[in-house]
Amino acid sequence: MNNNIENLSIGIFAKAAGVNVETIRFYQRKGLLSEPDRPYGSIRRYGAADVARVKFVKSAQHLGFSLDEISQLLKLEDGTHCSEAAELATLRLADVRTRLADLKRIEAALSKLVGECHVHAGNISCPLIEALHEPVVTEPCTVPVSASPRYVPAPVRMSCGRPD
């Protein structure tokens, strides 16, 4: 059996791309990767271009792109559509910045609660546990506007970006 880079079985292909076989099949179902023809009485074979495509998908996922966005990027893959690719990346960057702002608010709220726990050490009622029992009210000024509808910020007890 010849397993050179242009004649890979799905198992060898998956290993070369750094994913498992089910990931290959999933990408095929999603239209991110074509399924090669199966020669009569044989198995499908994959090549270097397929390995490169899966690595492209994984790299884009590591940057936070959704599979739908990756599909759009793959259509721009020839490199001549830089402005369209930059537009997608700008939306992703806005989403990342929104998430970071949300994480900073969460960090501030948790820091405050942990500090209250240290101040009230030994009391029967833990401030952190009490705060978690309180209903969460999200004010309009605390809901980050995301460029991507798939990001939903975690609720935090906040008043306009400051912990309650």
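Author: In this predicted model, a residue counts as buried under 20% relative accessible area and as exposed over 50%, and it is partly exposed in between.

Reader: Is Arg 99 buried, exposed or partly exposed, and what is its relative accessible area?

Author: Buried ends at 20% and exposed begins over 50%, so the class of Arg 99 follows from where its value falls between these cut-offs. Arg 99 is partly exposed, and its relative accessible area is 33%.

Reader: With which residue does Arg 99 form a salt bridge at 3.8 Å between the closest N and O atoms?

Author: Side chains of opposite charge can pair when their charged atoms come close. The partner of Arg 99 lies four residues apart from it in helix H5, a separation of about one helical turn. That partner counts as buried, at 0% relative accessibility, and the residue that forms the salt bridge with Arg 99 is Asp 95.

Reader: Which residues are linked with Asp 95 and Arg 99 in a network of salt bridges?

Author: One member of the network, Glu 69, is among the buried residues of helix H4, which spans residues 67-75. Beside Asp 95 and Arg 99, the linked residues are Glu 69 and Arg 92.

Reader: Against which helices do the buried residues of H4 pack?

Author: Glu 69, Ile 70, Leu 73 and Leu 74 are buried in helix H4. Seen down the axis of H4, these buried residues fall within an arc of 145°, so they line one face of the helix. The face turned away from this buried side carries the exposed residues Asp 68 and Lys 75. The buried residues themselves pack against helix H3 (48-62) and helix H5 (82-119).

Reader: Which residues make a nonpolar surface patch of about 320 Å²?

Author: One of the residues in this patch is Val 96, which has its place in helix H5 and is partly exposed, with a relative accessible area of 31%. The patch is made by Leu 93, Val 96, Leu 100 and Leu 103.

Reader: Which element of the chain has the lowest mean pLDDT?

Author: The chain averages a pLDDT of 82, and 77% of the residues score at least 70. Over residues 157-164, however, the pLDDT is below 50, although this stretch has 26 contacts in the model beyond near neighbours in sequence. Where pLDDT is low, the predicted coordinates should not be read in detail. Among the elements, helix H2 (residues 21-29) has the highest mean pLDDT, at 97, while the lowest, at 41, belongs to strand E1.

How values were computed. Residues are numbered from 1 along each chain as its sequence is written. This is a predicted model: local features need pLDDT of at least 70, side-chain atom pairs count only at pLDDT 80 or more; totals for chains, interfaces and linings use all residues. Side-chain values use heavy atoms; hydrogens and water are left out. Buried means under 20% relative accessible area, exposed over 50%, partly exposed in between (1.4 Å probe, protein chains only). Helices (H or I, at least four residues) and strands (E, at least two) are DSSP runs, numbered from the N terminus. The arc is that of the directions from the helix axis to the C-beta atoms. Contact means heavy atoms within 4.5 Å. pLDDT is the predictor's confidence in each residue, from 0 to 100. Patches are made of residues with over 30% relative accessible area and no salt bridge: like charges are joined within 9 Å, nonpolar side chains (Val, Leu, Ile, Met, Phe, Trp, Tyr) within 5 Å. Accessible areas come from the Shrake-Rupley method with a 1.4 Å probe; for residues, only the protein chains shown count as cover. A salt bridge is a side-chain nitrogen of Lys or Arg within 4 Å of a carboxyl oxygen of Asp or Glu.
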